[in-house]
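Q: I would like a close look at a single part of this model, starting from one residue and working outwards. Could you walk me through it?

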Amino acid sequence: MQFDSWQAFWHMGGYAFYVWASFGVTFLAMGLIVLNSMMTHKKLLKEVAQEAARQQRIATAKQATKQNLTGEEV
Amino acid sequence: MWKWLHPYAKPERAYQLCSTLQPYFFWPAVLCILVGSVWGLAFAPQDYQQGDSFRIIYIHVPSAILSMSTYVAMAVAALVGIVWQWRTAFMAMIAMAPVGAVVTFIALFTGAAWGKPMWGTWWVWDARLTSELILLFLYLGVMSLYGAFEDKQQAGKAAGVMALVGVVNVPIIHYSVEWWNTLHQGATISKFDKPSIAPEMLWPLLIALLGFALFIAAVTVMRMKNEIIRREYHRPWVKEMVQSAKETNHAV
C-alpha cells in the first residue's frame, strides 16, 4: 500500500474532497442507472402479467354471459 | 457470411441472447471496477507532479474513452437500423443512449473535480471540455427525440439520424487536444507508440477500463430487454416468458 495509515489513505495527500467526490459520484451514478433498469424491468413484467390476467378475465366473463344467455333461452 | 446474425434480428432471440449475456457482463464488470479502483486508490504509486489527485484518472480516463466508444456503437446500431430496417437495432441504439449519457456525465464530473485542484478551475470552455459536453447533449437529444414519437419505428429513424450526424463530434473530441491549444493534457494511453505512463499505474487503469466497458455492456443488455418487452408487449412469447418466469419464482 502507498499510504502509511488509514488516516493518510482517507486524506489522499490533501486531495480527499476531490478524489472521494469523484469516486462517490461515479459509483452513485452507476448504481442509479442499474437500479433504474432493474426497476423498469420489474414494472414491465408486472404490467405484462396484469394485462394477461385482464385478458383472461374478459375471456371468462364473455364465456359466462354466453352460457347464461343460451341457458335462459332453453 | 452474415447469415448467423439474422435470427438475432428477431426480438425473441435477441431477448434470449441478452438474458444469457447479462450475468457474464455484470459480475466481471463489478469485479474489474472494484479491483481497478482499489488498486488505483491504494496501491498505485503517487504521481510525482499531481500527488494523490491523479488517482481520479482511474475513473476519468475509462469513462471518457468509453463515452466516445459507446457513442460510436450507438451510431452503428442506428446505421444498421436505418439501412436494413431492423427494429432490434433501434432498440439496441436506445438501450445504449442512457448509459452513454451517464458515462459522459461521469467523465465531465470527474474532470471538473480533477481540474479544480490542478488547473484552479472546475470548468473552462476549451475544445476538449466543450466537445465532451456536446456529446452529453447528443445522448440526451437522441433519448428525448426517441421519446417524442408515439410510433417507435419512426422514433428510431429520427433518433438514428441524429445519432449518425453526431458522430462527427467523436473525432473532434479525440483530436481536440492536438488541434487546439488547450488546458487539457494530451493522450496518455491511446497513443500508437509507447504509452507515457508507468506500468504500475497503467495496469489498474486497463483493468478499470475493461470494467467500465463490461458495465456499459451489462446495462445495455438490461435496457435492451426492457425495450424489447415494451415494444412486444402483446406478443404471445412475452406473455409466456412472464408466465414461466413467475412459475420459476414460485418454485424457488
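Is B:Ser67 buried or exposed, and what is its relative accessible area?

A: Happy to take you through it. Please keep in mind that this is a predicted model, in which local features need pLDDT of at least 70, side-chain atom pairs count only at pLDDT 80 or more, and totals for chains, interfaces and linings use all residues. Side-chain values use heavy atoms, without hydrogens or water, residues are numbered from 1 along each chain as its sequence is written, and chains are lettered from A and ligands numbered from 1 in the order in which they are written.

B:Ser67 has a relative accessible area of 0%, so it is buried (under 20%; exposed is over 50%, partly exposed in between, with a 1.4 Å probe and protein chains only). The residue belongs to helix H2 of chain B, residues 57-84 (helices are DSSP runs of H or I, at least four residues, and strands runs of E, at least two, numbered from the N terminus). Who surrounds B:Ser67? Setting aside neighbours within four places in sequence, B:Ser67 is in contact with B:Val103, B:Thr104, B:Glu132, B:Leu135 and B:Tyr139 (heavy atoms within 4.5 Å).

Moving outwards, helix H3 of chain B spans residues 87-119, and its axis comes within 10 Å of the axis of helix H5 of chain B, residues 152-166. The two axes cross at roughly 60 degrees (lines fitted to C-alpha atoms over the stretch in contact, with angles from 0 to 180 degrees between N-to-C directions). On the H3(B) side, the contact is made by B:Arg87, B:Phe90 and B:Met93. H5(B) brings B:Gln153, B:Gly156, B:Lys157, B:Ala159 and B:Gly160 to that contact.

The UniProt record adds some context. An unreviewed entry gives "transmembrane region" for residues 21-44, 56-83, 90-113, 133-149, 161-181 and 201-221 of chain B; such annotations may be inferred rather than shown by experiment. In the model, residues 21-44 of chain B are 96% helix and 0% strand, with end C-alpha atoms 32 Å apart. Residues 201-221 of chain B are 100% helix and 0% strand, and their end C-alpha atoms lie 31 Å apart.

Chain A offers a companion view. UniProt, again in an unreviewed entry, places a "transmembrane region" at residues 15-35 of chain A, a stretch that is 95% helix and 0% strand, with 30 Å between its end C-alpha atoms. Helix H2 of chain A, residues 16-73, holds A:Lys42. A:Lys42 has 66% relative accessibility, so it counts as exposed. From A:Lys42 to A:Phe3 there are 39 residues in sequence and 44 Å in space, C-alpha to C-alpha.
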